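Hello,

Here is the structure I promised to pass on to you. Please open it alongside this message, and I will walk you through what turned up.

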Amino acid sequence: MNHAITVGVVDSEALVRGGIRRVLEQAPDVRVVAEAASGPGAVELVRKHLPRVLLMDVRMPGLDGLAAAEQVRALSAGTAVVLLTSVADDSHIRRAVRAGASGFLLKDGSPRELVTAVRAVAAGEAMLSPAITRRVLDRIVDIDPEPVERARTLVNHLTGREREVLGLLAQGMGNLQIARKLYLSEGAVKAHVSRLLTKLSCDNRVQAAILAHNARLVSA
């Protein structure tokens, strides 16, 4: 357990928090270190425990999950935020992406999906609920209207291999899938992803995927 993924759980409903905790406690490599019931509580949780992953509800009274995510990311760049929502609300997606969220999950998803998301974002990848992924990509222009030419200019600064990696990343592939597709080691893919995020000035893979679609590197 010394190398377990530390997780914080934030939801205004105690029953929901308890359910998430029970699911995560079934995974031998995951450890819930703390819970909170509000946005300010989430910020304090991160300040005190510095979890690797923070699972947080979007809709909470007062400081909601979106505003709290911005504060959490400013406080701890090493904490990956996964936002939980009951409804895939388009009005929230732009703020969430810009806040640096690494994942979006619907609350009615499977326990396996929740654990997979925790492991993915802890490894530096992004995790989108399948129901949300298509919604994000279908509405990409409305969500974040990045000028096509600017996006293409940024992508043109990438090497050919980095563009290949970005294209597959934008299709929702993880590092291992990309490695198998391009016959590379997983370590090499991680290095490519790190460099392309820096070149594109993106905080995470979600933002990079959106930029790739704006640049028409892949079709939405």
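**Strands, helices and salt bridges**

Starting at the beginning of the chain, strand β1, helix α1 (residues 14-24) and strand β2 together form a right-handed β-α-β unit. Please keep in mind that this is a predicted model.

The two strands of that unit are also paired directly: β1 (residues 5-10) and β2 (residues 30-36) run parallel and are joined by six bridges. Val10 is a handy residue to look for here, with Ala36 as its bridge partner in β2. Val10 also has a bridge partner in β3, namely Met56. That fits with the pairing of β1 and β3, which is parallel and runs over four bridges.

Moving on to β3, there is a second unit to find. β3, helix α3 (residues 65-75) and β4 make a right-handed β-α-β unit. β3 and β4 (residues 80-85) pair in the parallel sense, with five bridges between them.

How well covered is β3? Five of its five residues are buried. On one side sit Val53, Leu55 and Asp57, on the other Leu54 and Met56, and all of them are buried, so both faces of the strand are covered.

Asp57 deserves a closer look. This residue lies in strand β3 (residues 53-57), and UniProt, in an unreviewed entry, lists Asp57 for "modified residue: 4-aspartylphosphate". Is Asp57 buried or exposed in the model? Its relative accessibility is 6%, so Asp57 counts as buried. Across the strand pairing, Asp57 stands opposite Leu84 in β4. Leaving aside residues up to four places away in sequence, Asp57 touches Val10, Asp11, Gly65, Leu84, Thr85 and Lys107.

Now to the charged side chains. Side chains of opposite charge can pair when their charged atoms come close. How many salt bridges does the model have? The count comes to eleven, and I will pick out a few of them.

One of them is between Arg21 and Glu35, where the closest N and O atoms are 2.6 Å apart. This pair links distant parts of the chain, with Arg21 in helix α1 and Glu35 in strand β2, 14 residues apart. Arg21 has a relative accessibility of 23%, so it counts as partly exposed. Glu35 is partly exposed too, because its relative accessible area is 33%. Both residues belong to a network of salt bridges that links Arg17, Arg21, Glu25 and Glu35.

Further along the chain, Glu149 and Arg152 meet in a salt bridge at 3.6 Å, N to O. They are three residues apart in helix α8 (residues 148-155), so about one helical turn separates them. Glu149 is exposed, with a relative accessible area of 52%, while Arg152, at 34%, counts as partly exposed.

Helix α9 (residues 160-170) holds another pair, Glu164 and Arg161, which are three residues apart, or about one turn of the helix. Their side chains form a salt bridge with an N to O distance of 3.0 Å. Glu164 is partly exposed at 39% relative accessible area, and Arg161 is partly exposed at 31%.

If you only have a few minutes, I would begin with Asp57 in β3 and then turn to the salt bridge between Arg21 and Glu35.

Best wishes

How values were computed
Residues numbered from 1 in each chain as written. Predicted model: local features only at pLDDT ≥ 70, side-chain atom pairs only at ≥ 80, totals over all residues. Heavy atoms only, no water. UniProt positions renumbered as here; feature names shortened; annotations may be inferred. Buried < 20%, exposed > 50% of the residue type's maximum accessible area, 1.4 Å probe, protein only. Contact = heavy atoms within 4.5 Å. Pairing = 2+ DSSP bridges. Right-handed = clockwise from strand over helix to strand, strands pointing away. Salt bridge = Lys/Arg side-chain N within 4 Å of Asp/Glu carboxyl O.
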